[in-house]
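Q: Please take a close look at the aromatic side chains of this protein and their surroundings. After that, go on to the open and enclosed spaces, one helix, and the backbone geometry that departs from the usual.

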Amino acid sequence: MTGDLVVRTATPLNAETPLAAQVGIITPNERFYVRSHFAVPRLDGDSWFLSVSGLVKHHLTLTLSDIRRLPSRSLVVTLECAGNGRAMLAPPVEGEQWQLGAVSTAEWTGVPLVEVLDRAGVETAARELVFRGVDHSAARRKAEPLHFERSLPIESAQDPDVLLAYAMNGEPLTPNHGFPLRLIVPRWYGMASVKWLGHITVSDRPFTGYFQTDRYVIADAKKGGEAEPVTRARVRAIITEPERGDIVRRGELVVRGYAWSGYGEITQVEVDAGSGWRVARLLDEPQPHAWRRWELTKRIEKAGRVLLRARATDDNGHTQPEQPSWNRLGYANNCVQTVPIEVFD
Ligand SMILES: Nc1nc2c(c(=O)[nH]1)N[C@H]1C(S)=C(S)[C@@H](COP(=O)(O)O)O[C@H]1N2
Ligand SMILES: [Mo]
């Protein structure tokens, strides 16, 4: 661990939030997990601009001050990397070996994407928007460098809660989190929230770029070619207190954590402290795109090893599987977490 995050790879920077560092709903900026495919671009906010082109009536070139002058909103949004929990898969799969800290929450401020789309005038043939980050692979001979690029269906992109964000918890975005401008797509796994945004292209056909069709798909070796795109975050609860391996005294134990779902509101969290599932108390008012804290107090009568588990259910009736659903690229593993602790007399 260096500083506030657990570093998984230093170049490019991939680092997760220690679970015990999550306290309030908001994750402080310096503790927000970082997921980057390429070197972090150091951009100059004065010379940077965003271009909007393709199937639009007016091509736009917007500077940061143009964007800051448009109507803005602030939304509290939880971002979770689709690979969060990958380290728990067996057999192991390639990719960043995230435990459960590739999830964090911030209040994002920016311009609803629709405001910009309305100014550009989207043509009726438009089907998808392609968002391109400025970051890219190192140049290879002859081949074009690969950019981080992702698309969204036009209906998803027109949701007024999709933001072109320039601030995070009241501060300008930091370089690691996408300065000067990033997309925020609430409820979708983090890959949709393209950082260091440079270009938006409106298109009438499905985007087939590397990060759209080769990555961020649930690829199952057994099913051959079929691959389902990764979209919204599956329902999940995490236990942040106590921590794995903690030694606690017999008696009253408080179990705390967070729960979220990209498919609806959290309706229930249950905790098993070794003697069956009990319903935990949900804290905070529900917010449409943010996780919710929960807690359960339970008497532990016997000394010894206890396996704590928590599982969440959303208002669509989705809950968590006990075992991970293994897939080749290790995405969307929302299986129930197990936290072993030791109880002493
Ligand atoms: N341009 C660009 N955008 C990106 C990425 C990236 O590598 N490049 N990573 C994506 C992934 S996989 C995730 S989970 C989130 C992480 O955002 P954060 O680093 O602010 O936590 O950014 C997304 N946006
Ligand atoms: Mo991610």
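A: In this predicted model, Arg311 sits over the face of Trp277, 4.0 Å from the centre of the ring.

Rings also meet other rings. With ring centres within 6.5 Å taken as the limit for a pair, the count comes to nine aromatic pairs. One of them is formed by Phe32 and Trp108: the ring centres are 5.5 Å apart and the planes stand at 80°, so the pair is edge-to-face, for which the angle must be over 60 degrees. Phe32 belongs to the loop between strand S2 (14-16) and strand S3 (34-35), whereas Trp108 is part of strand S7 (residues 103-112), so this pair ties together parts that lie 76 residues apart in sequence. Phe32 and Trp108 are both buried.

A further edge-to-face pair is made by Tyr210 and Phe211, with 5.0 Å from centre to centre and 85° between the planes. How does each of Tyr210 and Phe211 count by accessibility, buried or partly exposed? Tyr210 has a relative accessibility of 31% and counts as partly exposed, since buried means under 20% and exposed over 50%. Phe211, at 4%, counts as buried.

Phe32 and Trp108 also belong to an aromatic cluster, in which they are joined by Tyr33 and Trp98.

Next come the open spaces. The largest pocket holds about 490 Å³ of space. Its lining consists of 25 residues, and those nearest the centre of the pocket are Leu19, Gln99, Leu100, Arg244 and Gln337. Strand S1 (6-9), strand S16 (236-241) and strand S24 (337-344) are the elements that give two or more residues to this lining. Of these, S24 gives the most, with three residues. Sorted by class, the lining of the largest pocket has 13 nonpolar residues, seven polar and five charged.

The second largest pocket contains about 280 Å³ of space. It is lined by 16 residues, with Arg35, Arg86, Gly95, Arg215 and Tyr331 closest to its centre. The lining of this second largest pocket divides into seven nonpolar, three polar and six charged residues.

There is also enclosed space. Rolling a probe the size of a water molecule over the atoms shows where empty space is left. Counting cavities of 30 Å³ or more gives one, and the space in this largest cavity is about 240 Å³. Among the 20 residues that line the largest cavity, Arg35, Arg182, Gly190, Ser193 and Lys195 lie nearest its centre. Arg35 is thus named both here and among the residues closest to the centre of the second largest pocket. The cavity lining is made up of eleven nonpolar, five polar and four charged residues.

Now for the helix. Which residues of helix H2 (residues 113-120) are buried? They are Leu113, Val114, Val116, Leu117 and Ala120. Viewed down the axis of H2, these buried residues fall within an arc of 160°, so they line one face of the helix. An α-helix has 3.6 residues a turn, so residues three or four places apart point the same way. Gly121 follows H2, and its phi is positive, near 75°.

The remaining points concern the backbone. Most residues other than glycine have a negative phi, and most peptide bonds are trans. A cis peptide bond links Phe179 to Pro180, with omega about 5°. Pro180 is in the loop between strand S11 (171-172) and strand S12 (182-184). Glu241 and Pro242 are likewise joined by a cis peptide bond, here with omega near -5°. Pro242 is found in the loop between S16 and strand S17 (247-249); S16 is one of the strands that contribute to the lining of the largest pocket.

Positive phi values occur in residues that are not glycine as well. Arg187 has a phi of about 80° and is located in the loop between S12 and strand S13 (197-203). Its relative accessibility is 23%, so Arg187 counts as partly exposed. Asp284 has a positive phi near 65° and is also not a glycine. Asp284 lies in the loop between strand S21 (281-282) and strand S22 (292-300). With a relative accessibility of 24%, Asp284 counts as partly exposed.

How values were computed:
Residues numbered from 1 in each chain as written. Chains lettered and ligands numbered in written order. Predicted model: local features only at pLDDT ≥ 70, side-chain atom pairs only at ≥ 80, totals over all residues. Heavy atoms only, no water. Phe/Tyr/Trp six-rings, centres within 6.5 Å; stacked < 30°, edge-to-face > 60°. Helix = DSSP H or I, 4+ residues; strand = E, 2+ residues; numbered from the N terminus. Buried < 20%, exposed > 50% of the residue type's maximum accessible area, 1.4 Å probe, protein only. Lys NZ or Arg CZ within 6 Å of the ring centre and 35° of its normal. 1 Å grid on protein atoms, 1.4 Å probe; cavity = no way out; pocket = protein on both sides within 12 Å on 5 of 7 lines; lining within 4 Å. Points joined across faces, edges and corners; volume = space filled by probe spheres on them. Nonpolar A, V, L, I, M, F, W, Y, C, P; charged D, E, K, R; others polar. Arc of directions from axis to C-beta.
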